[in-house]
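Hi,

Here is the structure I promised to pass on to you. Have a look at it first, and then read on for my notes on what turned up.

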Amino acid sequence: MAGAVVLALLLLLAAMAAASVAAAGGCAGEAFSANRAYAACSDLPRLGASLHWTYDRGAGGELSVAFVAAPAAPGGWVAWGLNPAGDGMAGAQALVAVPSSSGAWEVRTYNISGYALGEPGPIAFPASDLAAELGADGRVRVFGTLSLAAYGGAGVLNQVWQVGPAVTGGVPAPHAMGGANLAAKAKLDLLTQTTTAASSSDAITKKRNIHGLLNAVSWGILLPMGAILARYLKTFRSADPAWFYLHVSCQLIGYGVGVAGWATGINLGNMSNGITYTLHRNIGIIVFALGTLQIFALFLRPKKENKYRVYWNMYHHSVGYTVIILGITNIFKGMTILGVEQRWKTAYVAVLCLLGVAAIILEVVTWGMVVKRRNAESKTFNSASNGHLPRHV
C-alpha cells in the first residue's frame, strides 16, 4: 500500500515537472542578461517575436520592456513600439535596434508620422535604460523603459513590431511587405498582462488571401483556358459552334470572378491608407479595363462574311492575349506582396505548365489537321482543274 502511494507521488511529481518544462517553453523560458526579469510575457502572433514587460502604475506609469526577435537577415534590424493614435505604423513611437559600425547594437527612438521611418528623435513616451544585444541564437533583445504618465496610465495600448533585412549607411532598409509583416500588430493589455492580435489585421489578411485567390483563378487560369478552347477546338468541324459557347462561358465566368477580385483589391486599398503597391495596382487597373472592353466588344462582333471581321479578330486576339499576359504577371507580383509560401507559387506554376503542355499538344495536333486538310483540298482542286483542261488533237 505504501509503495503504491509513493509511486503515485512520484508520478504526480513527474507530471508537474513535465508541465513546468512545457510552461517554460516560448517566452516563459527566456533568460536575460544583467539579471533582468519581467512580470509578464507574450509570444507575439507574427514574425516569431515575443514581448516581456513589467508595468508599474505607482511609479508614474513606467513600462519596462524586453522585445525579442530575429532580424529578417544577418545584419538587419528589429523594432517594437506603441501607437497611441492607431493600430498601424503611422503614429508609432518606436524603439529600433540596429548594429553599429563597432559591431555592438544600439537602440534609436523614432516618432513615425507616416509610412516612412524618418529620422531618429524624441518620442511621445519618454524612454530610458535603452540597450540591445544579439544573442547566440541570432535573435536581438531590445530593452527599455517607457513613461506612460502623459497618457494617464492607459491599460490597453496598440503595439507594433517589425524586422528588417539590412542597415545601409546607418539607415534601416525597408522591411518586407508580406502578410506577416503587415499584420505585425496587436493589443497590449497592461492590466490583464496579455496581448491580443488586432482583429482588423486578421480581417485584412483574410481579404488579401481572398483577393489573391479570386484573381489567380480568374485572370490566371480561367481566361487562359478560354483562350485555349477558342484557338484549338474551332479547328475541329464537329466542335462548331460548341467551341464558341464554351469559350464565351469560360471567359464570362473568369471575368465575373476577376471583377470580384478586382473590387476586393480596391477595398483593400481603401483599408490600407498609406500602403500603395503602385505597379501592382496599375497593372490590375489595365487588366480590368481591357477585360471589360473585351466583354463589350463581344456585342459588336461582325458576322463571318463581314469585311470588317478580320480587323475585329486582330483586335480581339491582341487584347485578349495582352490581358492574359498582364494578368499572370500581376498574379506573381501579388504573390510576392503577400509573401505566400513557396508551395502555393509552385502549385500555380504547375497549373500554368499543364495549360502550356496542353496548348503545345493541341498546337501540334491542329496544325497536323490543317496541313492534311489543305493537302486534301489542293488535290481536289488539282483534280478538278485537270478535268477541265482542253484536249489537244
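**A nonpolar patch on the surface**

Tyr 308, Val 310, Tyr 311 and Met 314 together make a nonpolar surface patch of about 470 Å². Before going further, please keep in mind that this is a predicted model. Of the patch residues, Tyr 311 belongs to helix α6, which covers residues 309–338. Tyr 311 has a relative accessible area of 55%, and because the cut-off for exposed is over 50%, this tyrosine counts as exposed.

**Strand β4, covered on both sides**

From the surface, let's go to the inside. How many of the 7 residues of strand β4 are buried? The count is 7 of the 7 for this strand, residues 77–83, so β4 is largely enclosed by the rest of the structure. If you colour the strand by face, you will see that both faces are covered. On one side sit Trp 77, Ala 79, Gly 81 and Asn 83, and on the other Val 78, Trp 80 and Leu 82, all of them buried.

Which strands does β4 pair with? With strand β9 (residues 156–164), β4 pairs in the antiparallel sense over 7 bridges. Within that pairing, Ala 79 of β4 has Gln 162 of β9 as its bridge partner. With strand β5 (residues 93–99), β4 is joined by 5 bridges, and these two strands also run antiparallel. Here Leu 82 has Gln 93 of β5 as its bridge partner.

**Salt bridges**

The structure holds 7 salt bridges, and I picked out three for you.

The one between Arg 139 and Glu 30 has its closest N and O atoms 2.8 Å apart. This pair links distant parts of the chain, 109 residues apart: Arg 139 lies in the loop between β7 (127–134) and β8 (140–147), and Glu 30 in the loop between α1 (2–23) and β1 (40–43). Buried or exposed, where do the two partners fall? Arg 139 is partly exposed at 23% relative accessibility. Glu 30, at 17%, is under the 20% cut-off and therefore counts as buried.

Arg 108 and Glu 106 also meet through their side chains in a salt bridge, with an N to O distance of 3.8 Å. Arg 108 is buried, with a relative accessible area of 18%, whereas Glu 106 is partly exposed at 33%.

The third one is between Lys 304 and Asp 240, whose closest N and O atoms are 3.9 Å apart. Lys 304 is in the loop between α5 (278–298) and α6, and Asp 240 is in the loop between α3 (199–233) and α4 (242–271), so this salt bridge ties together parts that are 64 residues apart in sequence. Lys 304 counts as exposed at 62% relative accessibility, and Asp 240 as partly exposed at 41%. Some salt bridges share partners, and in this way Glu 30, Asp 137, Arg 139 and Arg 141 are joined into one network.

**A buried asparagine in α3**

Another residue to click on is Asn 215, which is found in helix α3. Asn 215 is buried, with a relative accessible area of 11%. What does its side chain meet? A polar atom of the Asn 215 side chain lies 2.8 Å from the backbone oxygen of His 211. Leaving aside neighbours within four places in sequence, Asn 215 is in contact with Gly 220, Gly 258, Gly 261, Trp 262 and Ile 331.

**Two loop residues**

Finally, here are two spots in loops. Ser 33 lies in the loop between α1 and β1 and is partly exposed, with a relative accessible area of 29%. The side chain of Ser 33 makes a polar contact of 3.1 Å with the side chain of Arg 36. Ser 33 and Glu 133 are 100 residues apart along the chain, and their C-alpha atoms are separated by 9.2 Å.

Gly 103 is in the loop between β5 and β6 (105–111). With a relative accessible area of 52%, Gly 103 is exposed. Between Gly 103 and Leu 134, which are 31 residues apart along the chain, the C-alpha separation is 9.8 Å.

Happy exploring, and best wishes!

Notes:
Residues are numbered from 1 along each chain as its sequence is written. This is a predicted model: local features need pLDDT of at least 70, side-chain atom pairs count only at pLDDT 80 or more; totals for chains, interfaces and linings use all residues. Side-chain values use heavy atoms; hydrogens and water are left out. Buried means under 20% relative accessible area, exposed over 50%, partly exposed in between (1.4 Å probe, protein chains only). Helices (H or I, at least four residues) and strands (E, at least two) are DSSP runs, numbered from the N terminus. Two strands pair if DSSP finds at least two bridges between them. Patches are made of residues with over 30% relative accessible area and no salt bridge: like charges are joined within 9 Å, nonpolar side chains (Val, Leu, Ile, Met, Phe, Trp, Tyr) within 5 Å. Accessible areas come from the Shrake-Rupley method with a 1.4 Å probe; for residues, only the protein chains shown count as cover. A salt bridge is a side-chain nitrogen of Lys or Arg within 4 Å of a carboxyl oxygen of Asp or Glu. A polar contact is a pair of N or O atoms within 3.5 Å; within protein, one must be able to donate a hydrogen and the other to accept it, and residues adjacent in sequence count only if both atoms are side-chain atoms. Contact means heavy atoms within 4.5 Å.
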